[in-house]
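Trainee: Could you take me through one part of this model in detail? I would like to look at the aromatic rings and how they sit in relation to one another.

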Amino acid sequence: MGRASRRGWMKVYEIYGVQEAGVVAGLIWQAIALSVPSGLLYFYFSYCTRTLASVVRFVPVQLWAFIIGFFMGAMALMSICFMVTAVNFIYTNVVLRHRIARRMIGMVEDWSKVESVLDVGCGRGLLLNTVALRLKKEGCGGRVVGVDLWLSSKKSGKSMAATLYTSKLEQTQEYVTCKSGDARNLPFTDKYFDAVVSALCLNNLGEEYGRSTPRAVTERLKGLQEIIRVLKPGGQAVIWDLYHGQEYEKKLRELGMENVTLSESIPTFMLPSHISMLLPLEVAVLKISRCCQTATNRRLGQVESYHKLL
């Protein structure tokens, strides 16, 4: 899609970096720390075997060879696992995020009629600026607003200033606005936006209570309700979520929303809090089209009633 599709991954990395850079650095450091002794044991295998056999004579040299070989192989395997995990972090944070962002933008129909877009949980602004680039391409004068809970430090990679700086680098600053706000209480009036997008935000709501607990479900439903509330009649929402795409689809259909579609499962290794990430996770892109105003008001009332029952 225009410039967004032509820019290379190195350019994307230069602008946005890796969200969990500390985790990636730790993984690479552990890989190096394990590979060095493994390599030394490989090059000095015979010497170490003979030396240990001469010092501890009651242990046969064949057993020492097995022990040294076992530890050498184990360290090499762990080093490879750490390095592969680090590469997967970089791939997911740079390449996959950008591909999903472009795919989400492609799911919105007729950008020429879109004048206002909301990005819920915009973070460093990759999806935010991808939307802005599309608005710039259309030349319709639309604007995209990014909402997030920002850190106060201007030097932080998660500050509003840092996100606005990425829009300057992307040359989309005239199309981008940022506001501080919680996804569960968006600072906008009802029926305000033509389109709403959100990437890896709703799945974090209520995570402190445990992802499968009723309290966490309630918090995610608040965020979903807010997206529906600020969406204009006839507007569209596209949500990318790691775990709960089917949950959102089920709840929206229960509430009577129409034109709810769920994409196929997209394999990814997005588990930034730890490294038990070698199994593919279900990532869903959920597309919602809001229907006529009267029906929508009734469904919002149903959402509120459902929320009160939780």
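Mentor: Gladly; here is a walk through the aromatic rings, followed by a few other spots in the chain. Please keep in mind that this is a predicted model.

Let us begin with the way such pairs are described. A pair of aromatic rings is characterised by how far apart the centres are and by the angle of the planes. With ring centres required to lie within 6.5 Å, the count comes to six aromatic pairs. Take F66 and F70: their ring centres are 6.4 Å apart and their planes meet at 25 degrees, so this pair is stacked, given that stacking calls for planes under 30 degrees apart. Both residues belong to helix 5 (residues 61-107), where they are four residues apart, about one turn of the helix. An α-helix has 3.6 residues a turn, so residues three or four places apart point the same way.

F70 also pairs with F71, and here the geometry is edge-to-face, with 5.7 Å centre to centre and 80 degrees between the planes. Together, the ring pairs join F66, F70 and F71 into a cluster. As for surroundings, F66 and F70 are both exposed. F70 has a relative accessible area of 51%, while F71 has 48% and is partly exposed because the cut-off for exposed is over 50%.

A database record adds some context for this region. In an unreviewed entry, UniProt places the feature "transmembrane region" at residues 21-43 and 63-96. In the model, residues 63-96 are 100% helix and 0% strand, with end C-alpha atoms 47 Å apart. Residues 21-43 are likewise 100% helix and 0% strand, and their end C-alpha atoms lie 33 Å apart.

For a contrast in exposure, turn to T163 in helix 7 (residues 160-169). T163 is buried, with a relative accessible area of 0%. A polar atom of its side chain lies 2.6 Å from the backbone oxygen of G123. Beyond its neighbours within four places in sequence, T163 is in contact with G123, R124, G125, L128, W150 and C178.

One of those partners, L128, leads us into helix 6, where L128 is among the buried residues. Helix 6 is mostly covered, since 10 of its 13 residues are buried. Its length holds up as well: at 1.5 Å a residue, the 13 residues of helix 6 (residues 126-138) should span 18 Å, and the end C-alpha atoms are 19 Å apart, which agrees. After helix 6 comes G139, with a positive phi near 65 degrees.

Note on methods:
Residues numbered from 1 in each chain as written. Predicted model: local features only at pLDDT ≥ 70, side-chain atom pairs only at ≥ 80, totals over all residues. Heavy atoms only, no water. Phe/Tyr/Trp six-rings, centres within 6.5 Å; stacked < 30°, edge-to-face > 60°. Helix = DSSP H or I, 4+ residues; strand = E, 2+ residues; numbered from the N terminus. Buried < 20%, exposed > 50% of the residue type's maximum accessible area, 1.4 Å probe, protein only. UniProt positions renumbered as here; feature names shortened; annotations may be inferred. Polar contact = N/O pair within 3.5 Å; in protein donor to acceptor, adjacent residues only side chain to side chain. Contact = heavy atoms within 4.5 Å. Expected span 1.5 Å × (residues − 1).
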